[in-house]
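Biologist: Before we accept any label on this model, I would like to hear the reasoning behind each one. Could you take the labels one at a time and set the value beside the cut-off?

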Amino acid sequence: MAKKSEKTKRVKSWKRWLIIAMWTVIFIGITALASLFIMAKTEVLGPMPTFDELENPKTNLATQIYSSDGEVLGTYFIENRTYLSYEDLFPADRTQWLEIDGHKLPTIVAALLATEDVRFFDHSGIDFQATARAGIKTVILRQTGQGGGSTITQQLAKNLYKTRRNKEGMEGNAGTLAAKAQEYVIATQLEYNYTKEEIVAMYLNTVEFSNSNFGIKSAANNFFGKEPCDLSIEEAAVIAGQVKAPGTYAPLKRGEPNEKARVRRNTVLDRMAAAGAISDKVAGAAHTRIKKYSRAKLATSGEHGTNINTKFTNSH
């Protein structure tokens, strides 16, 4: 009996120390996170956008020249980007609108949110569940390719205010951590100043796609010869799939179809099905559709000279 009692005491002692250690780690993590927020807010980690900059974010828009009959004669740009409102993204046919968690969405928005930020409408700029999951995978499991758990709003902060530029005196992980902290603070400020619809529209207008296409209008026009509101489900999946790594998932590589882009497109379709935007049957049918790729030179001049763009057409 004495031996059994002693063994029970050792087990209880071990459990008690384990609980103390766990809460110590949690406390240190929360304290460190709070400290980073305060340092970012007080600009210890670098300059933060002013109120005016938050209210009026700057983007490099392309200049288009039209003929008297409304034809585009040329586009001049540093970044090939044209602004669209959230309403501009919806298909004219309401039966083509998609839905995630009760929110009616344009096709491209459904593809984007299902892939990058499925809880977009539920958080206030920071998805703590995704952040914790990314932290566990990166720090504990050492899976460095799992992403950083950034929300659409955090990615918008990075796009608008260039938070990932080299920090003075900070390199490697320290610089990345400082940038992340700034993005957290800016994301909460953006959520306070803009509606969810405005945020996702700003994001799609600022994000970079492959082939020097900045913004959703440029990507849809140059990849598919369409307006964003006219994109099919699989076309939207191709574009949304590039957000993670535009160079890696560019639809064409040296003029040939890129297998990684096809696999990524199918991943996006599967996530759209998992989010309830489309059915498994629709996703499966889209998997098997083959795209015929053809290159087209468009008369688009600018800082970088004539721009060679890529168009995609359906092959049935």
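Modeller: Let me begin with two aromatic residues, Tyr86 and Phe90, both of which are buried. The model is a predicted one, and a search of the whole structure finds 4 aromatic pairs.

Biologist: What makes Tyr86 and Phe90 an edge-to-face pair?

Modeller: The ring centres of Tyr86 and Phe90 are 5.4 Å apart and their planes stand at 85°; rings pair when the centres lie within 6.5 Å, and an angle over 60 degrees counts as edge-to-face, so both conditions are met. Ring pairs also link Tyr86 and Phe90 with Trp97 into a cluster.

Biologist: What makes Phe120 and Phe121 an aromatic pair, and of which kind?

Modeller: Their centres are 5.2 Å apart with 75° between the planes, and because the limits are 6.5 Å for pairing and over 60 degrees for edge-to-face, this pair is edge-to-face as well.

Biologist: How do you know whether Phe120 is buried or exposed, and which class does Phe121 fall into?

Modeller: Phe120 has a relative accessibility of 0% and therefore counts as buried, the limit being under 20%. Phe121, with a relative accessible area of 23%, is partly exposed, because that class lies between the buried limit of 20% and the exposed limit of 50%.

Biologist: Which charged residue sits over the ring of Phe120, and what makes you say so?

Modeller: The charged end of Lys196 is 4.4 Å from the ring centre of Phe120, and the distance limit for a charge over a ring is 6 Å. Arg264 lies over the face of Tyr249 in a comparable listing, at 5.5 Å from the ring centre.

Biologist: Turning to charges, why is the contact of Glu99 with Lys104 called a salt bridge?

Modeller: The N to O distance between the side chains of Glu99 and Lys104 is 3.0 Å, and the criterion asks for a nitrogen within 4 Å of a carboxyl oxygen, so the name applies. Glu99 is partly exposed at 34% relative accessibility, and Lys104 is partly exposed at 49%. The structure holds 8 salt bridges.

Biologist: What makes Lys217 and Glu227 a salt bridge, and where do the two residues lie?

Modeller: The closest N and O atoms of Lys217 and Glu227 are 2.6 Å apart, which is within the 4 Å limit. The pair links distant parts of the chain, with Lys217 in helix 8 and Glu227 in the loop between helix 8 and helix 9 (233-241), 10 residues apart. Lys217 is buried because its relative accessible area is 12%, whereas Glu227 counts as partly exposed at 30%.

Biologist: What makes helix 8 mostly covered?

Modeller: Of the 9 residues of helix 8 (residues 216-224), 8 are buried, among them Ile216, Lys217, Phe223 and Phe224. Just after helix 8, Gly225 takes a positive phi of about 65°.

Biologist: How do you know that Arg262 and Glu259 form a salt bridge, and how many residues apart are they?

Modeller: The closest N and O atoms of Arg262 and Glu259 are 2.5 Å apart, again within 4 Å. Both residues lie in helix 10 (residues 259-274), 3 residues apart, about one turn of the helix. An α-helix has 3.6 residues a turn, so residues three or four places apart point the same way. Arg262, at a relative accessible area of 35%, is partly exposed, and Glu259, at 46%, is partly exposed too.

Biologist: Why does Asp117 have no salt bridge?

Modeller: The nearest side chain of opposite charge, that of Arg119, is 6.2 Å away from Asp117, and because a salt bridge needs a distance within 4 Å, the buried Asp117 is left without one.

Biologist: What contacts does the side chain of Asp117 make with polar atoms?

Modeller: The side chain of Asp117 makes a polar contact with the side chain of His123 at 2.9 Å, and one of its polar atoms lies 2.9 Å from the backbone nitrogen of Ile152; the limit for a polar contact is 3.5 Å. Asp117 itself lies in the loop between helix 3 (107-116) and helix 4 (128-140).

Conventions:
Residues are numbered from 1 along each chain as its sequence is written. This is a predicted model: local features need pLDDT of at least 70, side-chain atom pairs count only at pLDDT 80 or more; totals for chains, interfaces and linings use all residues. Side-chain values use heavy atoms; hydrogens and water are left out. Helices (H or I, at least four residues) and strands (E, at least two) are DSSP runs, numbered from the N terminus. Buried means under 20% relative accessible area, exposed over 50%, partly exposed in between (1.4 Å probe, protein chains only). Lys and Arg count as positive and Asp and Glu as negative; His and the chain ends are not counted. A polar contact is a pair of N or O atoms within 3.5 Å; within protein, one must be able to donate a hydrogen and the other to accept it, and residues adjacent in sequence count only if both atoms are side-chain atoms. Rings of Phe, Tyr and Trp (its six-membered ring) pair if their centres lie within 6.5 Å; planes under 30 degrees apart count as stacked, over 60 as edge-to-face and the rest as tilted. A charge sits over a ring if NZ of Lys or CZ of Arg is within 6 Å of the ring centre and within 35 degrees of the ring normal.
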